[in-house]
Amino acid sequence: MDGNGRWARRRNRPHSFGHRAGVKTIRRVLGGCEELGIHYLSVYAFSTENWSRPRAEVRALMRLFHESMRRELDELHERGVRILFSGRLDGFSPRMKEKIGEAVARTAANQNGVLNVCLNYGGRAELVDAVRRLVGEGVRPENVDEAAVQERLYHPELPDPELIIRTAGERRTSNFLLWQSAYSELFVTETLWPDFDVPDLQEAINDYQLRVRRFGGRPDLDRQLSVG
């Protein structure tokens, strides 16, 4: 969700102003996903690298997370959205972890959609944590395969993302869902995240629907071989 800071600077406001606007965008996009029949939405809210940002900005983000969970939880629960969190959550304060646990427990039975919030998340960190679990469980090397790694990711029950949207013109994966995005389609838009809206989401979906997903094969040949 890139562009919050640039959006705020263009208005001569602090970065925290852009981050608050970005939270409203999440609400709009989640509503758009419901309209379009998209069941799973993962948002990259705070990366393992974001701790290196100015201390004042990090503090403002932590306050915003607290406020957002308190303010948005009731509405999301009423809409039947299940909330999950991915990342090294032990890195947060006890109060923050309590709020996270409350959101997860309260919405656990909801079935109208899944919002996966990636907090203190890094794709490399997730893989390191999965390997640590394999080692800690004493899994023998010959028993380590893709399925074994998948089972030890933060949320192995979630499907791999079909589409990753990068806002603000960024053209890199930025350590996001590295394992899961092996065959994800990428869509890059120059729109800054606070300006991103349902028509932008629809544009990304339309672009995705025109693509042929090969997964290393040749779909045209496969179709020819399966006819008659």
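**Exercise 1. Classify the lining of the second largest pocket, then give its volume and central residues.**

Solution. Start with the side-chain classes. The lining of the second largest pocket holds 6 nonpolar, 3 polar and 4 charged residues. Here Ala, Val, Leu, Ile, Met, Phe, Trp, Tyr, Cys and Pro count as nonpolar, Asp, Glu, Lys and Arg as charged, and the others, Gly among them, as polar.

Next, the volume. The second largest pocket contains about 170 Å³ of space. A pocket is an open set of points on a 1 Å grid over the protein atoms alone, where a 1.4 Å probe fits, with protein on both sides within 12 Å along at least five of seven lines; lining residues have an atom within 4 Å of a point. Grid points are joined across faces, edges and corners, and the volume is the space filled by probe spheres set on the points.

Last, the centre. Among the 13 lining residues of the second largest pocket, Asp 160, Trp 179, Gln 180, Ala 182 and Tyr 183 are the closest to its centre.

A note on the model: it is predicted, local features need pLDDT of at least 70, side-chain atom pairs count only at pLDDT 80 or more, and totals for chains, interfaces and linings use all residues. Residues are numbered from 1 along each chain as its sequence is written, and side-chain values use heavy atoms, with hydrogens and water left out.

**Exercise 2. Describe the overall build of the protein chain.**

Solution. Count the elements. The protein chain has 8 helices and 5 strands. Helices (H or I, at least four residues) and strands (E, at least two) are DSSP runs, numbered from the N terminus. Their order along the sequence is α-α-β-α-β-α-β-α-α-β-β-α-α.

Now test compactness. The radius of gyration is 19 Å, close to the 17 Å that the globule rule gives for 228 residues, so the protein chain is as compact as a globular protein of that length. This radius is taken over C-alpha atoms, and the rule is 2.2 Å times the number of residues to the power 0.38. The C-alpha trace spans about 60 × 45 × 35 Å along its principal axes.

Then turn to burial and contacts. Of the 228 residues, 43% are buried. Buried means under 20% relative accessible area, exposed over 50%, partly exposed in between (1.4 Å probe, protein chains only). Among contacts with a separation of 6 or more, 72% join residues 24 or more positions apart. Contact means heavy atoms within 4.5 Å.

**Exercise 3. Explain the disulfide count.**

Solution. Apply the rule: a disulfide is a pair of cysteine sulfur atoms within 2.5 Å. The count is 0 disulfides. The sulfur of Cys 33 lies 14 Å from the closest cysteine sulfur, in Cys 118, so the two are too far apart for a bond. Check accessibility too. Cys 33 is buried at 3% relative accessible area. Cys 118 is buried at 0%.

**Exercise 4. Place Glu 185 and Arg 166 in their strands and list their contacts.**

Solution. Take Glu 185. It sits in strand 5 (residues 185-188). Its relative accessibility is 17%, so Glu 185 counts as buried. Beyond four places in sequence, Glu 185 touches Glu 162, Leu 163, Ile 164, Tyr 208, Arg 211 and Arg 213.

Take Arg 166. Its place is strand 4 (residues 163-166). At 10% relative accessibility, Arg 166 is buried. Its contacts beyond four places in sequence include Asp 2, Ser 174 and Phe 187. Arg 166 and Arg 213 are 47 residues apart in sequence, with their C-alpha atoms 19 Å apart.

**Exercise 5. Examine the loop between strand 4 and strand 5, then trace a link to helix 1.**

Solution. Two non-glycine residues need a look. Ala 168 lies in this loop. Its phi is positive, near 65°. Ala 168 is buried, at 8% relative accessible area. Ser 174 is found in the loop between strand 4 and strand 5 as well. Its phi is positive, about 55°. Ser 174 is partly exposed at 27%.

Now the link. Arg 6 belongs to helix 1 (residues 4-9). Neighbours within four places aside, Arg 6 is in contact with Ala 168, Glu 170 and Leu 192. Arg 6 is partly exposed, at 28% relative accessible area. Arg 6 and Trp 193 are 187 residues apart along the chain, yet their C-alpha atoms are separated by 9.6 Å.
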